[in-house]
Structures are given as structure tokens and as C-alpha cells.
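Q: I am new to this structure and would love a guided close look at a single part of it. Could you pick one spot and walk me through its surroundings?

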Amino acid sequence: MTAVRVFLALLILVAGSTGARAQGLVFATSDPTISIHSNFAGETITLFGNIEPSLDGTPPQGTFDVIFIIRGPVEERVVRRKSRQFGIMLNADYAMFSGLPSFYRVLSSRPLEDILDPEVIAQRSLTVEAQIASALQETTGNVALFENELVRLMGNANLFRTDGRGVSFLSPTFFSTRVVLPANVPNGIFLAQALVVQNGEVVAERAQRFFVQKSGFERFVGDTATNQPLLYGLATVVLALVTGWLGGVLFRR
């Protein structure tokens with residue numbers, strides 16, 4: 001019995017040594033908080049990190065790849081298709097997507113298909129198409145048509161994008177990437193996730209949050225409209241009346 005136990009222990013040790021070794025990982029963002037003002041035209045932030053020794057203190061060995069996934073706050077979107085009815089263009093079929101990231105970026109040191117097996121990519125839903133497919137709730141038309149249209153719309157708005165050469169290694173273990181946030185970037189909590197891949201296996205991963213929020217007078221107006229809708233509505237009506245009265249006085253002169 002003792003010999004059997006020793007043999008099993010050696011077998012487990014050999015099997016563990018042939019697999020990918022779990023690596024340590026640290027990474028951070030250059031701007032934990034992005035402030036949006038009235039003249040906000042977009043922002044570029046830098047994500048950077050380093051592959052650390054494994055839990056047993058073994059330094060990183062071999063070559064690595066890194067994948068960054070950046071997700072914005074989730075939202076609900078409805079895509080509609082117009083058709084001519086009785087000579088008038090009206091809404092016809094539609095598709096509703098719920099839990100869809102309002103912003104989605106995938107940046108990697110090499111194209112995804114060169115780093116991970118297709119099964120792993122599908123399991124982790126890394127592609128833009130997978131994110132949209134998983135968010136589909138209901139539709140009255142062709143599913144592929146609406147999904148492809150949403151991919152096009154989000155891509156044109158610079159909210160969804162994949163860059164297979166977006167991560168650079170400045171040393172064998174130190175890496176960085178730059179993420180462009182467009183002017184129409186949504187407010188809220190963003191999640192940046194880093195995956196370290198070696199020989200087709202994810203050997204380390206870590207997540208980091210950063211915030212995009214309005215500041216100054218724009219934030220005051222937005223908070224008032226959300227939290228005090230009656231006060232905001234009254235102030236809007238009063239402002240419209242005063243503006244109309246001033247316009248009348250100026251034009252009479």
C-alpha cells in the first residue's frame with residue numbers, strides 16, 4: 001500500500017510539472033478616474049503590468065502573451081428595422097439586447113486565434129460577436145441580421161473594437177497598452193481584465209476597475225435630472241420662459 005501511495009504521489013508531481021505554471025501578475029491603470037467636462041473630446045489611458053514569479057518563487061520562464069479585456073457598464077439596446085407600410089417608413093422587426101457592455105475592447109499581443117484555442121475563446125466569450133450573441137433576449141426577425149447590424153453600429157461609434165496587436169512588451173515580462181475612450185464613452189464603472197497566456201493556457205489573470213464620470217456643472221445637471229426630476233423640470237420651464245422673454249425684449253429694440 002505504501003508503494004502505491006508513493007507511486008501516485010510521484011505521478012501527480014510529474015503531471016503537475018508538465019502543465020503550465022501559475023504565474024503572479026500585477027497591473028494598473030494610468031488614470032483611475034476619467035472626468036468628463038463640456039469640452040470632453042475623448043481620453044487615452046494606459047494599462048501596464050508585469051508578470052511576477054509563481055507562488056513557489058520560480059521566476060517567469062519562456063515567452064508569454066497578454067490579452068486585455070475592457071468592459072463598460074452594461075445597458076439595454078433595441079435594434080429596429082424599418083419597412084415601407086402603406087407608403088410610410090415604419091418600425092417593423094426588432095431585437096432586444098440586455099446586459100450588453102456599453103463599451104468593449106479586446107487588445108492582445110497577437111491575434112486571439114494565435115494565442116488561444118477556439119474553444120477557450122468561445123468559452124470566455126472574448127469576441128465582440130460572442131458578447132452580442134449572449135446579450136440577445138428576444139427578436140421578431142432574423143437573428144444574424146440584427147447581430148451583424150449591432151456589431152456595425154457599435155463599431156462605427158468606436159465603442160466595440162478588437163486589436164490583435166494592441167499590447168506591447170517592453171521587456172520579457174513588462175507589458176502595456178493604450179486604450180482610446182471616445183467622446184461618447186458612457187459614464188460608470190469600467191472593468192479591465194488582464195490574461196497572461198503561455199503555450200495556449202491562461203496562467204494568470206487579474207482585474208482592475210476605473211471610473212468614467214461627469215464632473216463640474218455637467219455632473220450637477222445630470223444628478224439633478226436623475227435624482228430631482230420635478231425640480232429639474234421646473235428649472236427648465238423657468239429658463240425657457242426667461243430666455244423667450246429676453247429674446248422678445250431684445251428684438252423689440
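A: Here is a walk around one residue, Ser109, with a look at the wider chain before and after.

Please keep in mind that this is a predicted model. The chain holds seven helices and 13 strands, and buried residues make up 32% of its 253 residues. Among contacts between residues at least 6 apart in sequence, 71% join residues at least 24 apart. With that setting in mind, we can zoom in.

Ser109 sits in the loop that runs between strand E7 (104-108) and helix H2 (112-115). Is Ser109 buried or exposed? It counts as buried because its relative accessibility is 12%, and the cut-off for buried is under 20%.

Next, look at what surrounds this serine. The side chain of Ser109 makes a polar contact of 2.8 Å with the side chain of Asp65. Asp65 also appears in the list of residues that Ser109 touches once neighbours within four places in sequence are set aside. The rest of that list is Val66, Ile115, Gly164, Arg165, Val167 and Phe169.

From here we can step out to the nonpolar interior. In soluble globular proteins, nonpolar side chains tend to be buried together. The largest nonpolar core in this model has 50 residues, and Ile67, Phe68, Ile70 and Leu181 are those with the most contacts inside it. Strand E12 (residues 188-198) gives this core its largest share, six residues. Leu181 is a good one to click on: leaving out residues up to four places away in sequence, Leu181 touches Ile34, Gly42, Glu43, Ile45, Phe103, Phe210 and Val212.

For contrast, finish at the surface. Trp245 belongs to helix H7 (residues 229-252), and this tryptophan counts as exposed because its relative accessibility is 57%. Together with Val238, Val242 and Leu246, Trp245 makes a nonpolar surface patch of about 400 Å². Over the whole chain, about 15,200 Å² is exposed, and carbon and sulfur atoms supply 58% of that area.

So the tour has taken you from a buried serine in a loop, by way of a nonpolar core of 50 residues, to an exposed tryptophan in helix H7. If you rotate the view, try starting at the Ser109 and Asp65 side chains, joined by their polar contact, and then look for the patch that includes Trp245.

How values were computed: Residues numbered from 1 in each chain as written. Predicted model: local features only at pLDDT ≥ 70, side-chain atom pairs only at ≥ 80, totals over all residues. Heavy atoms only, no water. Patch = residues over 30% accessible without salt bridge, like charges linked within 9 Å, V, L, I, M, F, W, Y side chains within 5 Å. Areas by Shrake-Rupley, 256 points an atom, 1.4 Å probe, with all protein chains shown as cover. Salt bridge = Lys/Arg side-chain N within 4 Å of Asp/Glu carboxyl O. Helix = DSSP H or I, 4+ residues; strand = E, 2+ residues; numbered from the N terminus. Buried < 20%, exposed > 50% of the residue type's maximum accessible area, 1.4 Å probe, protein only. Core = buried A, V, L, I, M, F, W, Y, C linked by side-chain atoms within 4.5 Å. Contact = heavy atoms within 4.5 Å. Polar contact = N/O pair within 3.5 Å; in protein donor to acceptor, adjacent residues only side chain to side chain.
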